[in-house]
Amino acid sequence: MKSPTSIDKLLNSGNHGLASLITRTRQLGRFTKGLHELIGPELSPHCTIADIHQQELVLGVDKAAWATKLRFAAPALLKQLQQRFPELSTVERITIQMLQPLEDPRATSASNTPPHLSAKNAQLLKSLAQTVDNTELRAALERLARHADEES
């Protein structure tokens, strides 16, 4: 029987894409940290280095206003980044893309508003409750039907 491979071995072996993915993630994190030092505390929370491919450095921002500021600063910013990180010497341009914000399911308006029970559905629940023999179920249906009476 083959013994299991350790996680450390999987992450650091050259045979798997995980090692290169981790290396790439660390590199982007290092570049992003340098970017944040250059752009300052006002803009840093809204900007990240999203990708580097071919001769292009892709910055991701969360609002159009920040994208506009970065577009004007991009040529000087690229030179500063290249001075700080020689690995970026082949980059010829910076492009800026809007990032889609991650939605917090607790913050959505749908989860904060109670479900609406229309008067028609409340009447159907009341009618159903009258036909049910089980007293607990009948009481539950009547309580549910009263929610529409309170909100309507």
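**Exercise 1. Determine which residues S44 touches, leaving out those up to four places away in sequence, and characterise its environment.**

Solution. Discounting residues up to four places away in sequence, S44 touches H36 and I39, where contact means heavy atoms within 4.5 Å. The model is predicted: local features need pLDDT of at least 70, side-chain atom pairs count only at pLDDT 80 or more, and totals for chains, interfaces and linings use all residues. Residues are numbered from 1 along each chain as its sequence is written, and side-chain values use heavy atoms, with hydrogens and water left out.

Next, locate the residue: S44 is found in the loop between α2 (17-39) and β1 (47-53). Helices (H or I, at least four residues) and strands (E, at least two) are DSSP runs, numbered from the N terminus. Then examine its polar side-chain atom, which lies 3.1 Å from the backbone oxygen of H36. Finally, S44 has a relative accessible area of 11% and is therefore buried (under 20% relative accessible area; exposed is over 50%, partly exposed in between; 1.4 Å probe, protein chains only).

**Exercise 2. Describe the sheet and the placement of α3 against it.**

Solution. Begin with the strand order: 3 strands form an open sheet, β1-β2-β3, with mixed pairing. Two strands pair if DSSP finds at least two bridges between them. The edge strands, β1 and β3, each pair on one side only. From one strand to the next, the twist averages 30°. Between β1 and β2, which run antiparallel, there are 6 bridges; I49 stands opposite L59 in β2. Lastly, α3 lies across β1, β2 and β3 and runs at about 155° to β3. Axes are lines fitted to C-alpha atoms, for helices over the stretch in contact, and angles run from 0 to 180 degrees between N-to-C directions.

**Exercise 3. Identify the residues with the most contacts inside the largest nonpolar core, and the elements that supply this core.**

Solution. The largest nonpolar core has 23 residues, and L59 and L70 have the most contacts inside it. Such a core is a set of buried Ala, Val, Leu, Ile, Met, Phe, Trp, Tyr and Cys residues joined through side-chain atoms within 4.5 Å. At least two residues come from each of α2, β1, β2 (56-61), α3 (64-84) and β3 (93-98). The largest share, 7 residues, belongs to α3. Beyond its neighbours within four places in sequence, L59 is in contact with residues including L35, I49, L70, L77 and I96.

**Exercise 4. Is Q54 buried or exposed?**

Solution. Q54 is found in the loop between β1 and β2. Its relative accessibility is 67%, so Q54 counts as exposed. Although not a glycine, Q54 has a positive phi of about 55°.

Notes
A polar contact is a pair of N or O atoms within 3.5 Å; within protein, one must be able to donate a hydrogen and the other to accept it, and residues adjacent in sequence count only if both atoms are side-chain atoms.
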